[in-house]
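Good morning, and thank you for coming. Please take a moment to look at the sequence and the structure before I begin to describe them.

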Amino acid sequence: MTTMERAEAAERAMIEELERAVVKSVIYTSGDRDPRQPVPPRPPGKRVMMCADPRLPKMPDRPTLLDFFTLRFGPTQHMMQSARLAQKNGLPEKLVLACLVHDIAVAGFIRGDHGYWAAQLVEPYVDEEVSWAIRYHQALRFFPDESVGYSYPKTYLELFGEDYVPDPYIRRDYEYARNHRWYMSARQICVNDLYAFDPTVKVALEEFTDVVGRHFRQPREGLGFDASPSAHMWRTIMCPTKYL
Ligand SMILES: [Fe+2]
Ligand SMILES: [Fe+2]
């Protein structure tokens, strides 16, 4: 067996032990398997997941943003370090919040186009400038602005190669953002982002309870159970293996 086949067999064995069948959404497997192929058959007699996946920690009935941080997101130190730096640099509180959530798509949803996804997730709950800044940090990251000491990230040279050229839509959105009145807000996310990778610094989420309380409109019904345009996205993060 190849390493890939062994990993798949181990995963199958783990899934077979579960009471309910896990049927993954196409986007989770596309590429590892050809999405045009028929999906593997459901084990006979097994029901499917219709929310709570027993492999994941249980979410409260009315989840808050902070619950998603602690129960569903991957490592969040990067965002918290970034928010703390923004605070130290004297940024307005709402931009501290923007830094705190700027990469939530990478941490808990989908990596590709993460700025756009994160903006959409938080849009109904934050000041318009905050979601705007999060959306456009995605494009601005690729373009230096020496006036605020922001150069093209060295890690990008390593990650993407010296010859990488951002997609035309990224350049288009950068050019649009550059002339926008909120340009500096999005740029500040990049400025505070760049230096925010320090494995020795440990920031506690509690440091930001007040900032979140003041600048994130937590829905009474719980994030995901309100009727906002992005509530379903929060539900997907909560129940990533839900069948329908
Ligand atoms: Fe980012
Ligand atoms: Fe980041």
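Read along its sequence, the protein chain follows the pattern α-α-α-α-α-α-α-α-α-α-α-α-α. There are 13 helices and zero strands in the protein chain. I should say at once that this is a predicted model. The C-alpha trace of the protein chain spans about 65 × 45 × 35 Å along its principal axes. Of the 244 residues in the protein chain, 43% are buried. As for contacts with a separation of 6 or more, 72% of those in the protein chain come from residues 24 or more positions apart.

Let me turn to the metal sites. Which residues coordinate the iron ion (ligand 1)? The donors are Asp103 through OD, His114 through NE2 and His137 through NE2, at 2.2 Å. In sequence, the donor residues of this iron ion (ligand 1) are spaced D-x10-H-x22-H. His114 belongs to helix 7 and His137 to helix 8, so this pair ties together parts that are 23 residues apart in sequence. Both His114 and His137 are buried.

The iron ion (ligand 2) is coordinated by His78 (NE2), His102 (NE2), Asp103 (OD) and, with two entries marked OD, Asp193, at 2.0 to 2.6 Å. The spacing of the donor residues of the iron ion (ligand 2) in sequence is H-x23-H-D-x89-D. How far apart are the iron ion (ligand 1) and the iron ion (ligand 2), and which residue coordinates both? They are 3.6 Å apart, and Asp103 coordinates both. In other words, Asp103 bridges the iron ion (ligand 2) and the iron ion (ligand 1). His102 and Asp103 are both buried.

Asp193 brings us to the next topic, the salt bridges. Side chains of opposite charge can pair when their charged atoms come close. The structure holds 11 salt bridges, and I shall describe some of them.

Asp193, one of the donor residues of the iron ion (ligand 2), also forms a salt bridge with Arg141, in which the closest N and O atoms are 3.3 Å apart. This pair links distant parts of the chain, for Asp193 lies in helix 11 (residues 183–194) and Arg141 in the loop between helix 8 and helix 9 (154–160), 52 residues apart. Are Asp193 and Arg141 buried or exposed? Both are buried.

A further salt bridge joins Asp127 and Lys94, whose closest N and O atoms are 3.5 Å apart. Asp127 sits in the loop between helix 7 (114–122) and helix 8 (128–140), and Lys94 sits in helix 5 (residues 93–101), so the pair ties together parts that are 33 residues apart in sequence. Asp127 has a relative accessible area of 34% and is therefore partly exposed. Lys94, with a relative accessible area of 23%, is partly exposed as well. Salt bridges that share partners join Lys94, Asp127 and Glu129 into one network.

A third example pairs Asp34 with Arg36, with 2.7 Å between the closest N and O atoms. Asp34 has 27% relative accessibility and so counts as partly exposed. Arg36, at 72% relative accessibility, counts as exposed.

Now to helix 5, the helix that holds Lys94. Why may helix 5 be called largely enclosed by the rest of the structure? Seven of its nine residues are buried, so helix 5 is largely enclosed in that sense. The buried residues in helix 5 are Leu95, Val96, Leu97, Ala98, Cys99, Leu100 and Val101.

Finally, I should like to consider how helix 7 packs. Two packed helices are described by the angle between their axes and the distance between the axes. Helix 7 packs with helix 13 (residues 231–238) at an angle of about 110°, and their axes are 8 Å apart. The two helices, helix 7 and helix 13, are therefore roughly perpendicular to each other. Their crossing, that of helix 7 and helix 13, is left-handed. Which residues meet where helix 7 and helix 13 pack? From helix 7 come Trp117, Gln120, Leu121 and Val122, and they meet Met233, Trp234 and Ile237 in helix 13.

To close, let me return to two points. Asp103 coordinates both the iron ion (ligand 1) and the iron ion (ligand 2). Asp193 is a donor to the iron ion (ligand 2) and also a partner of Arg141 in a salt bridge. Thank you for your attention.

Technical notes:
Residues numbered from 1 in each chain as written. Chains lettered and ligands numbered in written order. Predicted model: local features only at pLDDT ≥ 70, side-chain atom pairs only at ≥ 80, totals over all residues. Heavy atoms only, no water. Salt bridge = Lys/Arg side-chain N within 4 Å of Asp/Glu carboxyl O. Buried < 20%, exposed > 50% of the residue type's maximum accessible area, 1.4 Å probe, protein only. Helix = DSSP H or I, 4+ residues; strand = E, 2+ residues; numbered from the N terminus. Donors = N, O, S within 2.8 Å, 3.2 Å for Na, K, Ca; no water. Axes fitted to C-alpha atoms, helices over the stretch in contact; angles between N-to-C directions. Parallel < 35°, antiparallel > 145°, perpendicular 65-115°, else oblique. Left-handed = near helix turned anticlockwise from the far one by under 90°. Contact = heavy atoms within 4.5 Å.
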